[in-house]
Amino acid sequence: MINYALDLGQTAKPEAVLFYILAPLAVAAAIGMLTVKKAVHSAILLAWVMVTLAIFYIAQDAAFLGIVQIVVYTGAVMMLFLFILMLVGVDSSESLTETIKGLRWIAITASVGFGGLLISLLGRATLGRSTAGLADANSNGNVEGLAQLIFSDYVWPFEVISALLITAAVGAMVLAHHERTVKRVTQREQSQARFRSGSLAAAAGLPGPGVFALHNAVDVPALLPDGSPAPSSISATLKARGDMLDSAQYQLDNNDNAAEDK
Amino acid sequence: MNSANYLYLSALLFTIGAVGVVIRRNAIVVFMCVELMLNAANLSFVTFSRINGNLDGQIVAFFTMVVAACEVVVGLAIIVTIYRSRRSASVDDANLLKR
């Protein structure tokens with residue numbers, strides 16, 4: 001017999017519509033987070049889950065938390081994640097091959113068991129009364145109610161958390177700091193080294209990308225005066241990513257002929 | 001709609017986050033899954049706050065958010081440090097102690 005004991009009272013109809021639309025989207029985005037290959041896509045999907053949770057908070061009379069969720073999570077935390085992704089390299093998408101054999105199936109089976117246990121327990125739990133609702137607690141406004149609690153009953157945890165924030169900030173600075181082991185090369189020294197390397201091409205610096213008058217873009221190697229392409233004019237990142245266009249199509253003799261044909 | 005549905009959603013998101021922590025290899029994605037689990041727990045705090053008719057649950061959720069922000073700052077700094085020394089953000093490559 002299925003026991004719907006945790007009858008917490010019915011919510012208003014608009015909220016039910018909101019929930020039934022957004023909850024499947026949130027779950028789909030969360031599952032997508034696990035299956036997409038690129039970390040950036042995972043981050044975008046996670047940001048979406050966080051936005052839906054913020055909407056749920058606001059729907060549940062927790063307006064302040066909803067706003068904080070958007071500002072802190074989708075704003076600050078996700079920005080930090082994306083920033084680190086850029087720093088570490090967007091290309092470092094992992095291979096989805098398993099290092100431990102069968103790990104994925106074990107994980108999925110275990111999680112189905114865990115989730116089933118959690119949900120069936122929730123389904124059988126009893127509260128003994130219906131939802132109280134926050135109309136009384138929020139009678140002076142949600143922010144005022146929270147402020148009153150934080151600065152009376154929860155003032156000690158609040159202070160401890162402020163100490164934690166400062167410690168975390170200092171810790172991150174210590175971890176990110178890195179001591180220079182060799183002396184910094186100045187611009188003057190770099191310039192002198194270029195001239196002493198012997199080659200005149202090195203002394204002049206690298207050519208800029210783009211082909212004059214025919215095609216102008218950072219992904220096309222520049223043409224040297226004799227019409228041959230100069231691969232050194234392209235950023236190494238673009239080259240590694242394979243985004244470099246072939247400049248043969250823009251070479252002088254090819255295009256001269258084409259112009260004459262027209 | 002029964003308010004318990006929020007709790008079911010929270011349990012589901014928590015489970016998905018746990019699977020992600022186990023199966024993904026990129027440390028940053030693993031970290032994002034931990035964030036998902038924290039968010040799922042927050043949803044149930046907010047729901048219980050509403051069920052019980054007082055704001056204590058929302059206070060706890062608020063504190064969780066602050067702690068999660070601290071955790072992200074330190075965790076990402078650790079990931080960057082590991083990346084700097086090992087040129088990889090995969091959790092499988094951080095196995096120096098095993099050798």
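# Exercises on a two-chain predicted model

The side chains of A:Glu189 and A:Lys183 meet in a salt bridge, with 3.5 Å from N to O. This pair belongs to a predicted model, and the exercises below work through its salt bridges, its interface and some single residues.

## Exercise 1: A pair within chain A

Decide how A:Glu189 and A:Lys183, which form a salt bridge, are each classed by their accessibility.

Step 1. Begin with the rule for the pair itself, which asks for a side-chain nitrogen of Lys or Arg within 4 Å of a carboxyl oxygen of Asp or Glu; the distance here is 3.5 Å.

Step 2. Next, take the accessibility classes, in which a residue is buried under 20% relative accessible area, exposed over 50%, and partly exposed in between.

Step 3. A:Glu189 has a relative accessible area of 34% and is therefore partly exposed, whereas A:Lys183, with 64%, is exposed.

## Exercise 2: A pair across the chains

Find which residues form the salt bridge between chain B and chain A, and state whether each of them is buried or exposed.

Step 1. Over all chains the count comes to 2 salt bridges, and the count between chain B and chain A is 1.

Step 2. The partners between the chains are B:Arg50 and A:Glu15, whose closest N and O atoms are 2.8 Å apart. The pair runs from helix H2 of chain B, which holds B:Arg50, to helix H1 (residues 13–35) of chain A, which holds A:Glu15.

Step 3. As a general point, side chains of opposite charge can pair when their charged atoms come close.

Step 4. B:Arg50 has 9% relative accessibility and so counts as buried, and A:Glu15, with a relative accessible area of 9%, is likewise buried.

## Exercise 3: The interface

Describe the contact between chain B and chain A by its residues, its buried area and the elements that take part.

Step 1. Count the residues on each side: chain B brings 65 residues to the contact and chain A brings 87.

Step 2. Turn to the area, since the size of an interface is often given as the accessible area lost when the parts come together. Between them, chain B and chain A bury about 7100 Å², and 74% of this lies on carbon and sulfur atoms. Of the area that chain B buries against chain A, 11% comes from B:Met1, B:Met32 and B:Arg50, which is more than any other three residues supply.

Step 3. Consider the polar contacts, for which the count between chain B and chain A is 15 residue pairs, with both residues at pLDDT 80 or more. On the side of chain B that touches chain A, helix H1 (4–23), helix H2 (27–52) and helix H3 (56–86) of chain B each supply at least two residues, and H3(B) gives the most, with 21 residues.

Step 4. Sort that side of chain B by class, which gives 43 nonpolar, 15 polar and 7 charged residues.

## Exercise 4: Two buried residues in helices

Work out where A:Ser42 and B:Thr47 lie and which residues they touch.

Step 1. A:Ser42 has its place in helix H2 of chain A, and with 0% relative accessibility it counts as buried.

Step 2. Leaving aside residues up to four places away in sequence, A:Ser42 touches A:Met33 and A:Val36, together with B:Arg24, B:Val29 and B:Met32.

Step 3. B:Thr47 is found in helix H2 of chain B, and B:Thr47 is also buried, with a relative accessible area of 0%.

Step 4. Under the same exclusion of residues up to four places away in sequence, B:Thr47 touches A:Gln60, B:Ser3, B:Tyr6 and B:Leu7.

## Exercise 5: A loop residue and the confidence of chain A

Locate A:Asp61 and describe its phi, and then say how the pLDDT varies along chain A.

Step 1. A:Asp61 lies in the loop between H2 and helix H3 (63–88) of chain A. Although A:Asp61 is not a glycine, it has a positive phi of about 60°, and with a relative accessible area of 36% it is partly exposed.

Step 2. The average pLDDT of chain A is 81, and 83% of the residues score at least 70.

Step 3. Among the elements of chain A, helix H2 (residues 39–59) has the highest mean pLDDT, at 93, and helix H10 (residues 252–261) has the lowest, at 53.

Step 4. Over residues 1–5 of chain A the pLDDT stays under 50, and for this stretch the model has 8 contacts beyond four places in sequence.

Key. Residues are numbered from 1 along each chain as its sequence is written. Chains are lettered from A and ligands numbered from 1 in the order in which they are written. Side-chain values use heavy atoms; hydrogens and water are left out. Contact means heavy atoms within 4.5 Å. Buried area is the accessible area (1.4 Å probe) that two parts lose on being put together, summed over both. A polar contact is a pair of N or O atoms within 3.5 Å; within protein, one must be able to donate a hydrogen and the other to accept it, and residues adjacent in sequence count only if both atoms are side-chain atoms. Helices (H or I, at least four residues) and strands (E, at least two) are DSSP runs, numbered from the N terminus. Ala, Val, Leu, Ile, Met, Phe, Trp, Tyr, Cys and Pro count as nonpolar, Asp, Glu, Lys and Arg as charged, and the others, Gly among them, as polar. pLDDT is the predictor's confidence in each residue, from 0 to 100. Buried means under 20% relative accessible area, exposed over 50%, partly exposed in between (1.4 Å probe, protein chains only).
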